[in-house]
Amino acid sequence: MTIARRRSYGVKGAPYAFLVPATILFALFFALPIGYAVWLSFRKVRVSGLGLGSGARKEVWAGVENYTDAFTDSELLDGALRVLGYGCIVVPVMLGLALLFALMLDSDKVRLAPFTRLAIFLPYAIPGVVAALLWGFLYLPDVSPFYFVLEKLGMPQPDLLDGGPLYLALSNIAVWGGTGFNMIVIYTSLQAIPAEVYEAAKLDGATPTQIALRIKIPMVAPSLVLTFFFSIIATLQVFNEPTTLKPLTNSVSTTWSPLMKVYRDAFGTGDIYLAAAEAVIIAFATLVLSFGFLRAANRRTRRDASHGGAR
């Protein structure tokens with residue numbers, strides 16, 4: 001009886017034993033840094049006297065002072081508005097192209113599908129900093145082959161690193177690098193649709209366009225929700241592209257995006273307490289937006305499912 005009980009306990013405890021390494025890594029590299037950032041966001045340094053000598057600079061409790069400073073900081077708000085405009089360009093264009101490419105690759109008439117699929121996905125494999133640097137030099141009038149061709153053709157040469165076109169330049173880098181990943185996610189969902197569904201639609205006289213609009217897109221809606229969710233998070237955390245292009249133009253400030261503002265405050269001005277508060281605000285905003293979107297999407301999915309069952 002004792003041996004049987006030990007075996008039973010061993011079998012029941014095996015899953016928890018496998019979870020121990022992942023739990024330890026999660027606590028060390030995810031939970032603890034988040035907790036430390038939250039703790040720092042409620043602290044500040046109090047300087048007494050001239051700030052010289054031991055004990056002149058003391059870390060004390062600040063309450064919500066750092067959060068108040070962050071919410072009233074116009075640079076953080078301006079960065080959030082810039083990222084909002086950037087996201088309004090990137091997300092719909094990137095997901096639209098990903099869906100279009102996935103539908104094209106899923107067509108029976110497509111040729112060289114493996115090569116085309118790899119060619120579309122390949123930009124995603126290039127590190128973001130490298131991609132931004134390559135595109136940055138393509139945007140520079142002095143070294144870009146595109147400006148050379150435009151000059152020879154006598155056509156206008158727009159400055160893509162200044163003013164409004166800067167949003168298009170940054171968005172192009174993100175779309176070029178992220179479309180392939182989203183396309184693979186959607187294409188995988190298309191491949192999972194049973195062939196009998198297409199055959200039944202063809203027997204009913206549906207055209208390829210009608211099949212794409214009325215069957216394929218509705219059935220891959222969960223994948224579209226997933227890619228949209230990932231795209232929102234990536235947009236709110238944009239950092240690599242503007243930081244890499246900053247040395248190439250004066251139009252990108254050190255606070256162009258909220259994360260750049262956090263980096264400037266933490267490592268430029270040395271105010272890690274304000275930077276921690278800003279990072280917590282950004283993380284909370286990301287969580288709220290993501291949770292709100294997923295909840296709305298799940299609610300609509302359940303409503304559509306109930307309507308379908310009623311029919």
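Contact here means heavy atoms within 4.5 Å. With that in hand, start at Tyr 86, which touches Tyr 167, Leu 170, Ser 171, Ala 174, Thr 235, Val 238, Glu 241 and Trp 256, leaving out residues up to four places away in sequence. Keep in mind that this is a predicted model. Two other things to look at are a salt-bridge network that includes Lys 261 and a nonpolar surface patch of about 610 Å².

**Tyr 86 and its surroundings**

- Tyr 86 sits in helix α3, a helix that covers residues 74–105.
- Its relative accessible area is 4%, so Tyr 86 falls under the 20% limit and counts as buried.
- For a sense of the fold here, look across to Leu 168: the C-alpha atoms of Tyr 86 and Leu 168 are 8.1 Å apart, though the two positions lie 82 residues apart along the chain.

**Where α3 meets α12**

- Two packed helices are described by the angle between their axes and the distance between the axes.
- For α3 and α12 (residues 258–268), the angle is about 145° and the axes are 8 Å apart.
- On the α3 side, the contact is made by Glu 75, Leu 76, Gly 79, Ala 80 and Val 83, while α12 brings in Pro 258, Lys 261 and Arg 264.
- Sorted by class, that contact has four nonpolar residues, one polar residue and three charged ones.

**The salt bridges around Lys 261**

- Side chains of opposite charge can pair when their charged atoms come close.
- Lys 261 pairs with Asp 73, with the closest N and O atoms 2.7 Å apart.
- That pair joins distant parts of the chain, since Lys 261 is in helix α12 and Asp 73 is in the loop between α2 (65–71) and α3, 188 residues apart.
- Is Lys 261 buried or exposed? At 1% relative accessibility, Lys 261 counts as buried.
- Asp 73 is buried too, at a relative accessible area of 17%.
- Lys 261 also meets Glu 278 in a salt bridge, again listed at 2.7 Å from N to O.
- This second pair links helix α12 to helix α13 (residues 272–310), with Lys 261 and Glu 278 sitting 17 residues apart.
- Both Lys 261 and Glu 278 are buried.
- Step back and you get a network of salt bridges linking Asp 73, Glu 75, Lys 261, Arg 264, Asp 265 and Glu 278.
- Three members of that network, Glu 75, Lys 261 and Arg 264, also turn up in the contact of α3 with α12.

**A bridge between strands**

- The total count for the model is eight salt bridges.
- One of them joins the side chains of Glu 59 and Arg 43, at 3.2 Å from N to O.
- Glu 59 belongs to strand β2 (residues 57–61) and Arg 43 to strand β1 (residues 43–47), so the pair ties together parts that are 16 residues apart in sequence.
- The two ends of this bridge fall in separate classes: Glu 59 is partly exposed at 29% relative accessible area, whereas Arg 43 counts as buried at 16%.

**On the surface and in between**

- Which residues make the nonpolar surface patch? They are Val 20, Ile 24, Leu 25, Leu 28, Phe 29 and Leu 32.
- Leu 25, one of that set, is in helix α1 (residues 2–41).
- Tyr 16 is also in helix α1 and counts as exposed at 60% relative accessibility.
- Tyr 16 and Arg 295 are 279 residues apart in sequence, and their C-alpha atoms are 30 Å apart.
- Leu 224 lies in helix α10 (residues 221–236) and is partly exposed, with 22% relative accessibility.
- Beyond its neighbours up to four places away in sequence, Leu 224 touches Leu 99, Ile 186 and Ile 217.
- From Leu 224 to Ile 186 the C-alpha distance is 6.9 Å, with the two 38 residues apart in sequence.
- Pro 158 is in the loop between α6 (145–152) and α7 (165–191), and counts as partly exposed at 45%.
- Setting aside neighbours within four places in sequence, Pro 158 is in contact with Tyr 147 and Leu 150.
- Pro 158 and Leu 190 are 32 residues apart in sequence, yet their C-alpha atoms are 40 Å apart.

Notes: Residues are numbered from 1 along each chain as its sequence is written. This is a predicted model: local features need pLDDT of at least 70, side-chain atom pairs count only at pLDDT 80 or more; totals for chains, interfaces and linings use all residues. Side-chain values use heavy atoms; hydrogens and water are left out. Axes are lines fitted to C-alpha atoms, for helices over the stretch in contact, and angles run from 0 to 180 degrees between N-to-C directions. Helices (H or I, at least four residues) and strands (E, at least two) are DSSP runs, numbered from the N terminus. Ala, Val, Leu, Ile, Met, Phe, Trp, Tyr, Cys and Pro count as nonpolar, Asp, Glu, Lys and Arg as charged, and the others, Gly among them, as polar. Patches are made of residues with over 30% relative accessible area and no salt bridge: like charges are joined within 9 Å, nonpolar side chains (Val, Leu, Ile, Met, Phe, Trp, Tyr) within 5 Å. Accessible areas come from the Shrake-Rupley method with a 1.4 Å probe; for residues, only the protein chains shown count as cover. A salt bridge is a side-chain nitrogen of Lys or Arg within 4 Å of a carboxyl oxygen of Asp or Glu. Buried means under 20% relative accessible area, exposed over 50%, partly exposed in between (1.4 Å probe, protein chains only).
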